[in-house]
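Colleague: Could you take me closely through one part of this model, the small open sheet, and then through what lies around it?

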Amino acid sequence: MSQANVCKFIDVCASDDVWIGEMLVFDVGQREVLVMNVQGEFHAYDNVCPHQSVPLAEGSFEDGVLTCRAHQWTFDARSGCSINPSAERLTKYPIRIENNRVLLGDSPLDT
Ligand code: FES
C-alpha cells in the first residue's frame, strides 16, 4: 500500500484560485507544498529545491517548466523530474480535485 492511500487530505483552496500557468504555496503540516496548474492538470511538490533547499516558489514557472531562482535548475512540472541537470526529482505530494476544491495529501508520495 502506498502512502497516498493512508494520508489525510486537506482542503487548501478552490481550484479556480490556481490559474493555468500559476503556482501557489500552502502549509501542510510542517511542510510547505507547491501547487502548480499545468494546462489544467494540478501537481503538488515539496516547496524545497533538491539542490540547496531554496524555496521553489521563489523561482519561475513557464511552459510547464519550473526554474529554481538560485542556480537555475529546471524541472518538468508534470513529472517533477529535473530537466537540467538530469536525474534529480522533486518530492511529490498527492493531490485531488473534488467539487472544484484542491485537496492535498498530508504526506509525500513514495517515489
Ligand atoms: S538551490 Fe535550486 S538550483 Fe540551487
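Modeller: I begin with the pairing of S10 and strand S11 (residues 101–105), which run antiparallel and are joined by four bridges; strands here are DSSP runs of E with at least two residues, numbered from the N terminus, and two strands pair if DSSP finds at least two bridges between them. Within this pairing, Glu98 stands opposite Arg101 in S11. This is a predicted model, in which local features need pLDDT of at least 70 and side-chain atom pairs count only at pLDDT 80 or more, while totals for chains, interfaces and linings use all residues. Residues are numbered from 1 along each chain as its sequence is written.

The open sheet to which these strands belong has three strands in the order S1-S11-S10, with antiparallel pairing. Strand S1 (9–14) and strand S10 (95–98) are its edges, and because each has a single partner strand, one side of each is left without a neighbour in the sheet. On average, and with direction ignored, neighbouring strands of this sheet are turned by 30° against each other, the angle being taken between axes that are lines fitted to C-alpha atoms.

In the segment before S1 lies Cys7, which counts as partly exposed because it has 18 C-beta neighbours inside 10 Å; a residue is buried with 20 or more other C-beta atoms within 10 Å of its own, exposed with 12 or fewer, and partly exposed in between, the C-beta atoms being placed from the backbone. Not counting residues up to four places away in sequence, Cys7 touches Pro94, Gly105, Asp106 and Ser107, where contact requires C-beta atoms within 7 Å. Cys7 and Leu109 are 102 residues apart in sequence, yet their C-alpha atoms are 9.3 Å apart in space.

S11 also leads into the largest nonpolar core, as one of the elements that give two or more residues to it, together with strand S2 (23–28), strand S3 (31–38) and strand S4 (41–46). Such a core is a set of buried Ala, Val, Leu, Ile, Met, Phe, Trp, Tyr and Cys residues joined through C-beta atoms within 7 Å. Of its 21 residues, Val33, Leu34, Val35, Ala44 and Leu104 touch the most other members, and S3 gives the most to this core, with four residues. Leaving aside neighbours within four places in sequence, Val33 is in contact with eight residues listed here in full: Val25, Phe26, Val28, Ala44, Asp46, Asn47, Tyr93 and Leu104.

Conventions: Axes are lines fitted to C-alpha atoms, for helices over the stretch in contact, and angles run from 0 to 180 degrees between N-to-C directions. Two residues are in contact if their C-beta atoms, placed from the backbone, lie within 7 Å.
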